[in-house]
Amino acid sequence: MDMLLNSIRDVGSAAMALSLTNSILDENQVKQFLLENGYLCAVTEVGGNTLQETFQEKTTKAVIGAALNNNIVEKEAYQIHAILHATMEAKQGILVNVSTSANIAIKIAIVRKEGWVAVAMFGESAVHHLTNHERAGLGIMHI
């Protein structure tokens with residue numbers, strides 16, 4: 001865990017580190033480290049089938065909801081706009097070359113420090129359970 005925490009140097013690496021945690025204990029440890037170092041953060045998860053447009057909508061709604069509920073952003077157009085763009089950029093990384101009917105499960109971390117916000121996504125996708133493989137995406141935007 002120390003190596004992971006020592007790798008955090010900005011909102012992007014902070015969000016990616018948080019999205020990579022595998023247990024609630026590790027997640028809480030990273031969150032505490034971030035809070036102690038002036039970051040705001042939140043975590044959410046989304047799953048679904050990429051063939052359905054609802055996956056795209058669920059992801060965007062989950063990120064906005066987590067960001068608002070954890071006071072990472074306020075209900076201001078420019079702040080929501082920044083979260084939307086960071087989310088879209090992260091989704092591009094997650095969905096690049098994914099099969100049109102793949103199932104996907106991702107953990108999403110949202111991190112803000114000062115005027116920057118990052119959305120990191122990490123998870124697995126598969127057309128069949130024997131073809132599972134990991135995917136990652138990261139989006140960073142200035143607020």
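Strand 3 and strand 4 form a hairpin, with six residues sitting between them. Keep in mind as you look that this is a predicted model. The two strands of that hairpin pair in the antiparallel sense over ten bridges, and Met121 stands opposite Gly137 in strand 4.

Now step back to the whole sheet. It is an open sheet of four strands in the order 1-2-3-4, with antiparallel pairing. Strand 1 (40-49) and strand 4 (133-142) stand at the edges, and each has a single partner strand, so one side of each is left without a neighbour in the sheet. From one strand to the next, the twist averages 15 degrees.

Here are the pairings side by side, each with a pair of facing residues to find in the structure.

| Strand pair | Bridges | Residues opposite each other |
|---|---|---|
| Strand 1 and strand 2 | ten bridges | Thr44 and Ile108 |
| Strand 2 and strand 3 | eleven bridges | Ala109 and Ala120 |
| Strand 3 and strand 4 | ten bridges | Met121 and Gly137 |

Strand 2 (residues 103-113) and strand 3 (116-126) make a hairpin too, with two residues between the strands. There, Glu114 takes a positive phi near 55 degrees. How many residues of strand 3 are buried? Nine of its eleven residues are, so to speak, under cover: strand 3 is mostly covered. As a reminder for reading any strand, the side chains of a regular strand alternate between the two faces of the sheet.

What packs on the sheet? Helix 3 (residues 24-36) does, touching strand 1 and strand 2. The direction of helix 3 makes about 140 degrees with that of strand 1. Helix 5 (residues 77-95) lies across strand 2, strand 3 and strand 4, and runs at about 155 degrees to strand 4.

Helix 5 deserves a look of its own. This helix has 19 residues and reaches 26 Å from its first C-alpha to its last, close to the 27 Å expected at 1.5 Å a residue. Which residues of helix 5 are buried? They are Gln79, Ile80, Ala82, Ile83, Ala86, Thr87, Ala90, Lys91, Ile94 and Leu95. When you check the spacing of those numbers, it helps to know that an α-helix has 3.6 residues a turn, so residues three or four places apart point the same way. Among the buried residues of helix 5, try picking out Ile83, Ala86 and Ala90. Just after helix 5 ends, Asn97 takes a positive phi of about 55 degrees.

Definitions and conventions: Residues are numbered from 1 along each chain as its sequence is written. This is a predicted model: local features need pLDDT of at least 70, side-chain atom pairs count only at pLDDT 80 or more; totals for chains, interfaces and linings use all residues. Side-chain values use heavy atoms; hydrogens and water are left out. Two strands pair if DSSP finds at least two bridges between them. Axes are lines fitted to C-alpha atoms, for helices over the stretch in contact, and angles run from 0 to 180 degrees between N-to-C directions. Contact means heavy atoms within 4.5 Å. Buried means under 20% relative accessible area, exposed over 50%, partly exposed in between (1.4 Å probe, protein chains only). The expected span of a helix is 1.5 Å times one less than its number of residues.
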